[in-house]
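Please open the model in your viewer and keep the sequence panel beside it. The tour below moves from the whole chain to single side chains, with a selection to make at each stop.

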Amino acid sequence: MSAAELLATMSICVVSAVLVCSGLGKLAAPRHARQLFMALLPVRRGTALSLVRAVAVVEAVVGAALLVPAGRPAAAAATAGLGAGFAAAGLAGRQRGTTLPCGCFGRPEGRPLGVRNVLIGLALVGFGTALLLTSPAALPADRMAVVAASLVAGMALLLWRGMVVDLVRPPTRPAGAELSKEIAG
C-alpha cells in the first residue's frame, strides 16, 4: 500500500468513525443537541428531537456507507452536505452568541458552536469533495472495515468512558443509616 493509499484509507476510516460515533451519541443522548436545535431554529421540543434523531441516523448511515465502495460516492456527497450543515450551524451559533455546547456526541461537555464547528464543517466539505473526485480503484477496501471498526470502538470508549466505567464498576450500596436517609429523602 502506497503512502497516498494509506492516507486515503485512514482519512476515510477516521471520518467514518467520527460520523458513526456522533450519530450513535446523539441517538443515545439527544437532549443536548435538541436544546441546541431549539436555540438555533424556531421549532418546538418534539420537532427538535425528531430533527436530532434524523441527523443522527444520517450521520451513522453515511459513516458506515463510506466504508462500502459501492456506496462511497453517495456517502462522500452526503459527507460534504453534512459538513456544510455543521459549518452553517457554527456560523449561526456564533452569530447568536449561544453558550450551549454542540452536543455532537451526545455529551454536555464541549465548547459552544462557533469557529471550530465552521472549520470542521469546511474540512468535511473538502473531504467529501476530494473523495468524490478520487477514482474508486485508487482506494483499497480490504482493510477499511477493520480499521474503522477499531476506531469506532476506541472513540466510543474514549467518548463514553464514564458510562463504560459505570457498567463495569460494581454498584456500591449505602450503609444502613445512609440507606434509611436515602429512602426517607
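What follows is a walk through a predicted model, beginning with the overall fold.

**The whole chain.** Display the chain as a cartoon and follow it from the N terminus: it has eight helices and zero strands, so that the order along the sequence reads α-α-α-α-α-α-α-α. If you then switch to a surface view, the accessible surface you are looking at comes to about 10800 Å², and 68% of that area belongs to carbon and sulfur atoms. Of the 185 residues in the chain, 34% are buried. Turning to contacts between residues at least 6 apart in sequence, 73% of them join residues at least 24 apart.

**Helix α1, the nonpolar patch.** Select residues 3-28, which form helix α1 and include M10. Now show the side chains of L6, M10, V14 and V18, which together make a nonpolar surface patch of about 290 Å². Within this patch, M10 has a relative accessibility of 34% and is classed as partly exposed, because that value lies between the 20% and 50% limits. The spacing of the patch members invites a general remark: an α-helix has 3.6 residues a turn, so residues three or four places apart point the same way.

**Two cysteines.** Next, select C13 and C21. C13 is buried, with a relative accessible area of 0%, and C21 is likewise buried at 0%. If you go looking for disulfides, the structure holds zero of them.

**S22 and its partners.** Stay in helix α1 and select S22, which also belongs to that helix. Is S22 buried or exposed? With a relative accessible area of 5%, S22 is buried, because this value falls under the 20% limit. Add E59 to the selection and draw the distance between the two side chains, where a polar contact of 3.0 Å joins S22 to E59. To complete the surroundings, add C104 and F105 as well, since, leaving aside neighbours within four places in sequence, S22 is in contact with E59, C104 and F105.

**Helix α2 and what it packs against.** Finally, select residues 31-40, which make up helix α2, and colour H32, A33, R34, L36, F37 and L40, the buried residues of this helix. Which helices do the buried residues of α2 pack against? Showing the neighbouring helices answers this: the buried residues of α2 pack against α1, against α3 (45-65) and against α4 (72-96).

Notes:
Residues are numbered from 1 along each chain as its sequence is written. This is a predicted model: local features need pLDDT of at least 70, side-chain atom pairs count only at pLDDT 80 or more; totals for chains, interfaces and linings use all residues. Side-chain values use heavy atoms; hydrogens and water are left out. A disulfide is a pair of cysteine sulfur atoms within 2.5 Å. Buried means under 20% relative accessible area, exposed over 50%, partly exposed in between (1.4 Å probe, protein chains only). Patches are made of residues with over 30% relative accessible area and no salt bridge: like charges are joined within 9 Å, nonpolar side chains (Val, Leu, Ile, Met, Phe, Trp, Tyr) within 5 Å. Accessible areas come from the Shrake-Rupley method with a 1.4 Å probe; for residues, only the protein chains shown count as cover. A salt bridge is a side-chain nitrogen of Lys or Arg within 4 Å of a carboxyl oxygen of Asp or Glu. Helices (H or I, at least four residues) and strands (E, at least two) are DSSP runs, numbered from the N terminus. A polar contact is a pair of N or O atoms within 3.5 Å; within protein, one must be able to donate a hydrogen and the other to accept it, and residues adjacent in sequence count only if both atoms are side-chain atoms. Contact means heavy atoms within 4.5 Å.
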